Every structure is written in structure tokens, then in C-alpha cells.
Amino acid sequence: MSKIAHYLQEHLVGEVMSSTDARRYFATDASIMALPPALVVYPRNENDVRKTARFTWQLAERGRVIPITARGAGSDQTGASLGTGIMLVFPAHLNRVLELDTKSGNVVIEAGINYGKLQQTLQTHGRFLPPYPASLEYSTVGGAIANNASGEKSVKYGDTRNYVQSVRAVLANGEVIETGRVSKRELGKKLGLATFEGELYRAIDTLLEENREVLETMPRNVTKNNAGYNLLDIKRRDGSFDLTPLLVGSQGTLAIITEATLTTEPLNPQTTLMMAFFDDLTSAEQAVVELRAQHDQPSVLEMIDGNVLEQVAELNPNLLKSIIQLPYPAMVLFIEFDNLNDRQQKKDVRKTAKILEKYATTLQTETEPEQQMAIMKVRQATATLLTRSDQAGRALPIVDGAIVPIERLNEYLQGTYALCEKLGIKPALWGRIGEGNLQFQPVLNIAQVGDRQKAFRLMDDYYALVISLGGSISGERNDGRLRAPYVERQYGSDVYALFNRLKQIFDPYNILNPGVKLGTTQEDVKALVRSDFNLGHIYNHLPRS
Ligand SMILES: Cc1cc2nc3c(=O)[nH]c(=O)nc-3n(C[C@H](O)[C@H](O)[C@H](O)COP(=O)(O)OP(=O)(O)OC[C@H]3O[C@@H](n4cnc5c(N)ncnc54)[C@H](O)[C@@H]3O)c2cc1C
């Protein structure tokens, strides 16, 4: 590998590192897995990315495959920002806003830009990028695009895919493409190109045309879905064609994104926040179904269950003391409205209060930022669970991010509680109930064989439950390596075969992030599990030059 490191160092402007320190750092992300890369490249410009890809393609043509993993901040919880070959690290240099049109709110960015920084810049212009993940302060926009990230505002605004107009991306052979929706007539031109891009358009168009019946089996009745590849939004009925919705959410397995053009929304800092307590899950589910049926969607519709409150109170007795009293409710809902029209916002709140009064035992409504912060302290108390580190173990990100149809929420909650009881795991659920998308991170000691076995039994049963309810294994986070073993179970072998053909079209030598999304078994995942899971990746490893 040192020959390759030398070659790349000579030909790239950015730094190349193969030190033990750098390789050790990039051997983990925010998942339970570990996998050290052979070397680390910090591209200084798109040409560096292009040259790296071209080089590995040429090696692959001669029979030697060296994988490339594009990396943002490595906050991925599915092992998708790990790889055995070249780690291409974006935040060090490719981290700028290239253009910001303050009139339209459109922004062009480099993939490695920190999400929180971009959000701050947008906010100074009265705009924001709504599908921000909870990890925005220490993650990149490129990572959010590759993961099709979503967050607390996605119940109203949707996921990242809704905001990506186009991307510039480096293909496996080093060729650069620019995506964006092309009309039927323009597609004709693309199909005629004598380049790798032309090959892609031809092969994908044929794949979609020849497999219409298989594609019809793909949709799930869920508000967002990251499992497998999004083959459904490429070609529209009018014959227009766009690779953007496919590359968004593809976790660096089809192409490497260098730049993106994003749309944004106007920001309203004057919101109304409501907190409602429920004594039982059925009432909470009914309230959520009715709230979702309203014409104006809340901009936040989140929950925590009573188990979260109990566990937080055990770990940090003072945190909730002044805000929420015993006995704790079975569920707490957090509902926000952000309509820019003040009258409409008040109307939305009144309508919501009417719905909640039917089902909730207590309702609090706040418009002042200070009181809102006190409410959000209850929602954010989940951080206490995520950062715990004691003899019982740590909260493991192994079954978070799945999604079910809203009307199956109660079955999903009851099913998850039953699974926990069967395995002797303490449940604690929270998250984006308005989308049917919940988080659950069981506390287990991954260093112990018994707990490891439990973790894998839980994953098997949990994803089987989600699939049986018509849900998706990956609603918010993505498949990565962790959920790759379940992608075929969700869609069946015909759709899975299409995913493999798509991968083959983009990446015939399997260079781009192999083992992510496809081709990983549960045995493969077991072999990668680390014994010291922690969230050590909230700082960046930067080149020392
Ligand atoms: C505490 C915590 C909370 C989280 N909350 C959320 C949440 O609310 N919503 C959510 O969606 N996710 C969440 N995540 C997961 C993760 O943080 C986000 O998905 C985030 O957007 C990933 O960004 P990153 O820069 O860390 O990407 P990375 O982890 O570096 O990479 C993620 C994936 O993107 C690929 N990638 C990165 N850059 C590129 C590129 N330039 N071109 C092609 N592929 C690329 C990687 O190969 C990998 O497959 C959370 C994680 C943690 C630890």
C-alpha cells in the first residue's frame, strides 16, 4: 500500500496519510463496527477526487480492487463510513459555500461543509435547510445527502431528497457528471453520449423500462424510505429523467458527491410549541393520526415514552424535577407550528388543542422561547440515555430509524415492548412519531458474548416486526452495513436483483463503498462488531500539513 500512497501523494494536491493514528481514527464511525482503511486521502479539490477514482479504476481493470469510501464527519451509525481501502475525507478542504442566492434561497455547497455552519449562514439570511439531522453540529451536508438524512422538521418538510436540486459527482471511472432533471428530449441527448455517463443513462433507462412490474412492488405506505435504492423517482410519466433522487441516499455506493445545489425554506423564529401527556398509547396514536390528517402539518411532531422519563430520572434525578412530575405519563408528544402567517399559525394551534383535549391528560402551549426551551429539555433528555456509560453498557444504535405506517404505530409500539420483555431488555422509545419513525437504542454491553447475541436476536426480531407491519427497515438513518442483511427480506429477491444490477451499472468493479447497502450478511456484521462502542467521532481528524 505504501507504493500507492506515494503515487497518490505525488499526483494529488491534497494530503495522503497511512499513519497508524489516522487509520485508527478512521477505523470507526458512530456505529458498533470497526474496519480500518488502508490509507486516508484529504482531497483539496474535485480533481483530487477524480484522480483517485481514475487511479483505482485503472488498478481494477488490471485485477486489483481497492475500495473507496467517501467520508463526511463519520457520524453514520450503520458502518457506512467505514471501508478497507482509501478513505476520502471531505471536511478538511472541500467545505465551502460556493454560491448563495439570497432571493431564491438556493445554495451551492461543497460536500464537506459542516451542516451547522451552513444552517447558521442561511439563518442570517432568514432561511434554513429543514431536513437537518439531530447530529447537524458535527456532521456534513455531503453525509446528509448521501444518507438522505431527515430530522425533527421532516414531518412537514420531508427528507433531504426534497431539497437537493442537483449534484456534481465523480463516477467510479473518474468521470464527472452533473445531475438534474432533464426533459424527455434532453434525455435523448444523454442516451447518445459516448461516455460512461451515456452508458449509465442507457443502462438505467433500460433497467427501468424492462422491470416496470417489479418496480411496482417497491413502494411502502410510509412517509420516508431509505432502504435499498430509490428507483422510483428517476423517470417520470412525462419521460423526464433525473439521477439526483437516486444518488441522494445511496451512501457513496454509486458515485462520490463533490458539490450540490440545494433549495431552502424561509425561517420563522416565531413558532408555537405544545407538549401533551397521554396515559395510554392508544389515545396517543389516535391523536397522532388525527393531527396528521390536518391540512396544515405541524412542523414538529415528536414523542418520548414513559420509559425514557423513568430511565432519565434514574440517571439524572434533577433534570426533569421542575418540569414533569411523577407518576410519569405513558407518552409525551411535542408539537410545533411554524406557519409564517401568524393568524394561520394561531388557527392551527386552536385546531390542534381541540384534538388533543379529547385524548391528552395535560396540555401546555408556549410561544415564548424561554418556556419553549424548558419543554424541549424534556424531549432532549434522551441525550442522557445516549451518552450513558456504566456497567449495564451503552445505548447501541442497532434498531433505530425504522419506520411503519402511521396507522400501525400502536402495533409497532406494543410489538417492540413485547420483544424487549422477551429478551430482558429495558425499552425506551422516542422520535418522530408524526412520521411513524421511532428511535430505540437498547442498553447492552457489547463486550459480553451474551449481550452481543441478544443484540443480534433483537435486530432479527425487530426488523421482522417492522417488515410485517408494512414498514421499512431504514426510514431515517440508512442501510449501511448494519441493515444490509435485511434489505432483501424487505423487498424480496426480484427487487434485490435490480439493486444489484444497478450497482453493477454504476460500479462494475465494486470499488465504491462495497458491503454498504448490498452484499453484507449478518455474519459479516458480527465479525466487525467492536468491543468498545462509544461516540468518539464528534471531532474531526485533520491533516497535519
Ligand atoms: C447522535 C446522533 C444523532 C443522529 N441523528 C440523525 C438524525 O436525526 N437524522 C439522520 O438522518 N441521521 C442522524 N444521524 C446519523 C448521521 O449523523 C447523519 O445521517 C449525518 O447526516 C451523516 O453525516 P456525516 O457527515 O457524519 O456522514 P458520514 O458518516 O461521514 O457518511 C455517511 C454516509 O455518506 C457517505 N458520504 C459522505 N460524504 C460523501 C460524499 N461526499 N459523496 C458520497 N458519499 C458520501 C459515506 O460514505 C457514508 O455512506 C445521527 C447520528 C448520531 C451519532
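Helix α18 (residues 484-491) packs against helix α19 (residues 493-506) at an angle of about 130°, and their axes are 6 Å apart. Helices (H or I, at least four residues) and strands (E, at least two) are DSSP runs, numbered from the N terminus. Axes are lines fitted to C-alpha atoms, for helices over the stretch in contact, and angles run from 0 to 180 degrees between N-to-C directions. The two helices α18 and α19 are therefore oblique to each other; angles under 35 degrees count as roughly parallel, over 145 as roughly antiparallel, 65 to 115 as roughly perpendicular and the rest as oblique.

This is a predicted model, in which local features need pLDDT of at least 70 and side-chain atom pairs count only at pLDDT 80 or more, while totals for chains, interfaces and linings use all residues. Residues are numbered from 1 along each chain as its sequence is written.

On the α18 side, Val487, Glu488 and Tyr491 meet Ser493, Val495 and Tyr496 of α19. Two residues are in contact if their C-beta atoms, placed from the backbone, lie within 7 Å.

A second pair is helix α11 (residues 281-292) with helix α13 (residues 342-359), packed at an angle of about 160° with axes 9 Å apart. That angle makes α11 roughly antiparallel to α13. Among the residues that make this contact are Ala284, Ala287 and Leu291 of α11, and Ile355, Leu356 and Tyr359 of α13.

The chain is also divided into domain 1 (97-266) and domain 2 (271-475), with bounds from an automatic or database domain assignment. The centres of the domains, taken over C-alpha atoms, are separated by 29 Å. In the contact between them, 14 residues of domain 1 touch 21 residues of domain 2. Helix α6 (residues 154-157) gives three residues, the largest share of the domain 1 side.

The ligand is surrounded by 37 residues, and the closest are Gly72, Asp76, Gly143, Ala146 and Gly252. A residue is near a molecule or strand if its C-beta atom, placed from the backbone, lies within 6 Å of it. Helix α5 gives five residues, the largest share of this shell.

The table lists residue classes: Ala, Val, Leu, Ile, Met, Phe, Trp, Tyr, Cys and Pro count as nonpolar, Asp, Glu, Lys and Arg as charged, and the others, Gly among them, as polar.

| Site | Nonpolar | Polar | Charged |
|---|---|---|---|
| Contact of α18 with α19 | four residues | one residue | one residue |
| Contact of α11 with α13 | six residues | three residues | one residue |
| Side of domain 1 that touches domain 2 | four residues | five residues | five residues |
| Shell around the ligand | 15 residues | 17 residues | five residues |
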